[in-house]
Amino acid sequence: MTRIAAVHGVLPAHRYGQRELTGAVAALRPDGDGPGRALAERFAAGAGVEFRHLAFPLERYPELDGFGRANDAWLAAAAELAERAATGALRAAELPPERIDFVVSTTVTGIAAPSLEARLAPRLGLRGDVRRLPLFGLGCAGGAAGLAALDGLLAGRPDGAALLMATELCSLTLQRADGSAANLLATALFGDGAGALVAVGADVECAGPEVVATRSRLYPGTDRLLGWEVGDSGFRILLGAELPELVRLFVGEEVSSFLAGHDLKPGDVTAWVCHPGGPRVLDVLEDELGLPATALAPSRASLARCGNLSSASVLHILRDVLAAGPPPPGSYGLVLALGPGFSSELVLLRW
C-alpha cells in the first residue's frame, strides 16, 4: 500500500487580521461603505477566521483589476509558493528530487499552460521523464483527490515515489463588483497557501501512515451549488446557502458507509483531517458523525490561523496532525474534503 512519507505546508509572508482585511476589501468595492459593508462584516465575524496570508501586500491589489493581470500575478506567486512547499516536503521525506516518478498538481485559482508542475520540474530537479498529472476544477476537494491519485499511480509502481502539490491563491479571484452574499462570504473565508506531500509505494521502507482506501462521490443535481462562473472579470464564486444542509443530507451517511466497508465506525477513527469549509460545515459534520469537540479541533485551528486554503487546507491539517505525534500503531485516520460537483473525497489512513 501507498505510504505518506512527508507533508509540508507554506503560507505567503503577508499576514493580516480579519478586521483589517474586511476593511481593505470593502474599500475596493464600488459601493465602499454601502449596504453590503454591514453584511460583509457580519460574515467576517462569524467565519471562524482570525488571520489570513495573501500572495501580495494589500496595497498591490487595486491594480490587479482584470482576469489577465490577476492570472499573471497568480502564476508568478504560485510558482514561488509551490516550489517552497515541494522543496520542504522532499527535504522532510529525505528523498532526492530525481527519485520522484510521478507529480500531481492541483489548483482552482489560476490557469497555466504549461501547467505549474511542468514549469517547476527543472527548478525542483525532477527528472525529464517524470509523469505529470495536472488537476483543475476539484476546488477544495483537490488535496484529498490528489492524494487518492498518488495512491492509484503508485499501485502500479510499488518501488516508486510521487509528489503532490496543492497551490491556491484565493485572494487573486476577488470579485470587487460582486455584492452577492456568496461572494461576501467567500471573501471572509478564503486565504492563500500551498501544501505538498510525498508518498512512496508499498516496496519502499517508510514509517508514515498507509493509504487503506479512497472514495470519490458526486451528488446529482447539485452542480450549481459550489464552483466558479468564469467571465471577463475572472472566477465568480458559486456558493449555495444550502451547502451545510447538503452535508447533513449526504456526507454523514457517505462517511459512515465508507467506514463500514472496512468494519469501522466514526468512533474508531483517531485522526480526522477534515477540510475546514467553514464553521457551519464543521458543526454539521461533528453533529452527523457524533464526534467529540476535540475531533475537528485541528480543522478549526487551521481555519482560525490562515482561513480556508481550498485544496491546500487538508495538507496543512494533515501536517499538523503528523507533527503532533503519530497515533498508536493500528490507529485510523480519515481525510475528508468537499468540492464542486457537489462532491466528496475520502481517504482512509492507517498507522
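# A walk through the model

Start by selecting residues 212-350: that stretch of chain is 36% helix and 29% strand, and its end C-alpha atoms sit 7 Å apart. Keep in mind that you're looking at a predicted model. An unreviewed UniProt entry annotates residues 212-350 as "domain: Chalcone/stilbene synthase C-terminal".

Now switch to residues 72-203. The unreviewed UniProt entry labels them "domain: Chalcone/stilbene synthase N-terminal". Here the end C-alpha atoms are 41 Å apart, and the span is 41% helix and 23% strand.

**Two domains**

Next, colour the chain in two parts: domain 1 is 3-200 and domain 2 is 210-350. How many residues does each domain bring to the contact? Domain 1 gives 55 residues and domain 2 gives 41 residues. Measure between the centres of the two domains, taken over C-alpha atoms, and you should get 17 Å.

The size of an interface is often given as the accessible area lost when the parts come together. For domain 1 and domain 2, about 3700 Å² is buried between them, with 67% of it on carbon and sulfur atoms. Which residues of domain 1 lose the most area to domain 2? Click on Phe-67, Cys-140 and Gln-175: together they make up 16% of what the domain 1 side buries.

**Cysteine stop**

You've just clicked on Cys-140, so let's stay with cysteines. If you go hunting for disulfides, the count for the whole structure is zero. Select Cys-170: it is in no disulfide, and the nearest cysteine sulfur, in Cys-140, is 7.3 Å away. Is Cys-170 buried or exposed? Cys-170 is buried, at 10% relative accessible area.

Hop over to Cys-274. The closest cysteine sulfur to this one also belongs to Cys-140, but at 13 Å it is too far for a bond. Cys-274 is buried as well, with a relative accessible area of 1%.

**Helix 4 and the way in**

Select the loop between strand 4 and helix 4, where you'll find Pro-114. Look at the peptide bond joining Ala-113 to Pro-114: it is cis, with omega at about 5 degrees.

Carry on into helix 4, residues 116-124, and show the side chains of Leu-116, Glu-117, Leu-120, Ala-121 and Leu-124, which are buried. Now turn the view until you look down the axis of helix 4: the buried residues fall within an arc of 130 degrees, so they line one face of the helix. What covers them? The cover includes helix 3 (67-93), strand 4 (102-107), strand 5 (131-136) and strand 6 (161-169). Right after helix 4 comes Gly-125, with a positive phi near 90 degrees.

**Helix 9**

Now select helix 9, residues 297-306. Its buried residues are Ser-299, Ser-302, Leu-303, Ala-304 and Cys-306. Show the neighbours too: these buried residues pack against strand 3 (51-54), helix 6 (181-189), strand 11, helix 8 (279-289) and helix 10 (313-323). Step past the end of helix 9 and you land on Gly-307, whose phi is positive, near 80 degrees.

**Some loops to finish**

Go to the loop between helix 3 and strand 4 and pick Glu-94. Glu-94 is not a glycine, yet its phi is positive, about 60 degrees. Is Glu-94 buried or exposed? Glu-94 is exposed, with 72% relative accessible area.

Then move to the loop between helix 7 (243-260) and strand 11 (269-274), where Asp-263 lies. Asp-263 is another residue other than glycine with a positive phi, here near 60 degrees. Asp-263 is exposed, at 73% relative accessible area.

Stay in the loop between helix 7 and strand 11 and click Gly-261. Gly-261 counts as exposed, at 61% relative accessibility. Try a distance from here: the C-alpha atoms of Gly-261 and Ala-213 are 9.9 Å apart, while along the chain the two residues are 48 residues apart.

For your last stop, find Phe-342 in the loop between strand 12 (332-339) and strand 13 (343-350). The peptide bond between Gly-341 and Phe-342 is cis, with omega at about -25 degrees.

Key:
Residues are numbered from 1 along each chain as its sequence is written. This is a predicted model: local features need pLDDT of at least 70, side-chain atom pairs count only at pLDDT 80 or more; totals for chains, interfaces and linings use all residues. Side-chain values use heavy atoms; hydrogens and water are left out. Buried means under 20% relative accessible area, exposed over 50%, partly exposed in between (1.4 Å probe, protein chains only). Helices (H or I, at least four residues) and strands (E, at least two) are DSSP runs, numbered from the N terminus. The arc is that of the directions from the helix axis to the C-beta atoms. Contact means heavy atoms within 4.5 Å. UniProt positions are given in the numbering used here, feature names are shortened, and annotations may be inferred rather than shown by experiment. A disulfide is a pair of cysteine sulfur atoms within 2.5 Å. Domain bounds come from an automatic or database domain assignment. Buried area is the accessible area (1.4 Å probe) that two parts lose on being put together, summed over both.
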